[in-house]
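Student: I am new to this structure. Please show it to me, and then let me ask how each term is earned.

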Amino acid sequence: MNANAKSLRSLSDLTKAGLVHADKRATLEAVAARYASAVTPAMAALIDHDDPNDPIARQFIPDPAELKHRLGETSDPIGDFAHSPVEGIVHRYPDRVLLKLTHLCAVYCRFCFRREMIGPRAHALNIAALNAALAYIAAHPEIWEVVLTGGDPLVLSPRRLKDVISRLAEIAHLAVIRVHTRVPVADPARITPAMVRALKGRGKATYVVLHANHPRELTPAARAACARLVDAGIPMLSQSVLLRGVNDDPATLGELMRAFVACRIKPYYLHHADLAPGTSHLRTTIEHGQELMRALRGRLSGLCQPAYVLDIPGGHGKSPIGPNYLATRSPGRYRVTDFNGIDHCYPPPK
Ligand code: SF4
């Protein structure tokens, strides 16, 4: 990979790189006018140009299907606005808030649940709004954890992140700072020693949650970037989105979860894809997601099991939607299903 290569941001860039066919370009102008695009050199290098269904391309290359909006799809599928007391803050659960530091990302995922709110044309959080957001956190002692999100907070400079994290570290009632990011896979070179230092808030536990959806994303450079974080004492968790044609088969999903664990990243969430506009071609059914979870449970170590979750539209929060292994037969008596699908009584009959 050319170290000086730039991200591909326009249809013209993508066409020149052979990632968009010239005959699709006219249709894609309408997609590009509505949703941001960016593919980093690290992600572009992973795309197999001979595979029309390449799972990396499906995540980042604009598709005419994005113009088809289905019933139920909405610009705010997880209800951020309904729970935003001040700009930049989402306070959905009692003990934690999201702090949306930036509207920019290293890559723009075609299935993004905030696709109508992010990108270079979106409204940015200015200094006054950031001060008000930090004042809100300081004024609410019930807030135990802050989740830095966006956009992707790791597109900010280490200096800017350090400033925000240092200010958060001064808030006594805050115990945990969690950072949601795709940067360690999308642009691993950004995880420099200065960035790692910036993430560590004095006296607070910092967690980094990596968003990755296909095992190929965990390249040697991405693994090294994650190792820099973990070696510095920053625990890592993963989140992935279940995506049709990307990771919706047991082999790929299993390989992804094992790759996380091998990188010392504990699988955390497998998200059912949200009802973001123009994303139905990438969504699976919930039944299919449950089948995949059953397959993981049977085949892979307990370390490799994420929670399959749905963000309930309207801002009602996440609920686990994985398969149920337990049924009540009578008070105090249950039927429990093992990983081979065989039912057993609990407690066992005499
Ligand atoms: S990195 Fe996250 S916020 Fe950015 S486009 Fe992808 S899903 Fe959306």
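Tutor: Start with the ligand. A residue is near a molecule or strand if one of its heavy atoms lies within 4 Å of it. By that rule, the residues around the ligand are Cys-105, Val-107, Tyr-108, Cys-109, Cys-112, Ile-118, Arg-182 and His-211. This is a predicted model: local features need pLDDT of at least 70, side-chain atom pairs count only at pLDDT 80 or more, and totals for chains, interfaces and linings use all residues. Residues are numbered from 1 along each chain as its sequence is written, and side-chain values use heavy atoms, with hydrogens and water left out.

Student: What classes of residue make up the shell around the ligand?

Tutor: Ala, Val, Leu, Ile, Met, Phe, Trp, Tyr, Cys and Pro count as nonpolar; Asp, Glu, Lys and Arg count as charged; the others, Gly among them, are polar. Sorted this way, the shell has six nonpolar, one polar and one charged residues.

Student: Which pocket is the space taken by the ligand?

Tutor: The largest pocket. On a 1 Å grid over the protein atoms alone, a pocket is an open set of points with protein on both sides within 12 Å along at least five of seven lines. A molecule sits in one if more than half of its atoms lie within 2 Å of its grid points.

Student: Now the strands. What makes two of them a pair?

Tutor: DSSP must find at least two bridges between them. Strands are DSSP runs (E, at least two residues), and helices are runs too (H or I, at least four), numbered from the N terminus. Three bridges join E1 to strand E2 (residues 96–100), so the pair passes the rule of at least two. E1 and E2 run antiparallel. In this pair, Tyr-93 stands opposite Arg-96 in E2.

Student: How are the nine strands of the open sheet ordered?

Tutor: The order is E1-E2-E3-E4-E5-E6-E7-E8-E9, and the pairing is mixed.

Student: Why do E1 and E9 stand at the edges?

Tutor: Strand E1 (89–93) and strand E9 (318–320) each have a single partner strand, so one side of each lacks a neighbour in the sheet. From one strand to the next, the twist averages 30 degrees.

Student: What does helix H9 touch when it packs on the sheet?

Tutor: Helix H9 (residues 220–231) touches strand E5 (205–211), strand E6 (236–242) and strand E7 (265–272). Contact means heavy atoms within 4.5 Å. The direction of H9 makes about 140 degrees with that of E6. Axes are lines fitted to C-alpha atoms, for helices over the stretch in contact, and angles run from 0 to 180 degrees between N-to-C directions. Helix H10 (residues 250–262) lies across E5, E6 and E7, at about 145 degrees to E7.

Student: How are the strands of the three-stranded open sheet ordered and paired?

Tutor: The order is E10-E11-E12, with antiparallel pairing. Strand E10 (326–330) and strand E12 (343–346) are the edge strands, each pairing on one side only. Four bridges join E10 to E11. Four also join strand E11 (residues 333–337) to E12. Ser-330 stands opposite Arg-333 in E11, and Arg-335 faces Cys-345 in E12.

Student: What makes Arg-264 stand out?

Tutor: Most residues other than glycine have a negative phi, and most peptide bonds are trans. Arg-264 is not a glycine, yet has a positive phi of about 65 degrees. Arg-264 is in the loop between H10 and E7.

Student: Which peptide bonds are cis?

Tutor: One runs from Gly-150 to Gly-151, with omega near 10 degrees. Another joins Tyr-346 and Pro-347, with omega about -5 degrees. Pro-347 is in the segment after E12.

Technical notes
On a 1 Å grid over the protein atoms alone, a cavity is a set of points where a 1.4 Å probe fits but cannot get out, and a pocket is an open set with protein on both sides within 12 Å along at least five of seven lines; lining residues have an atom within 4 Å of a point.
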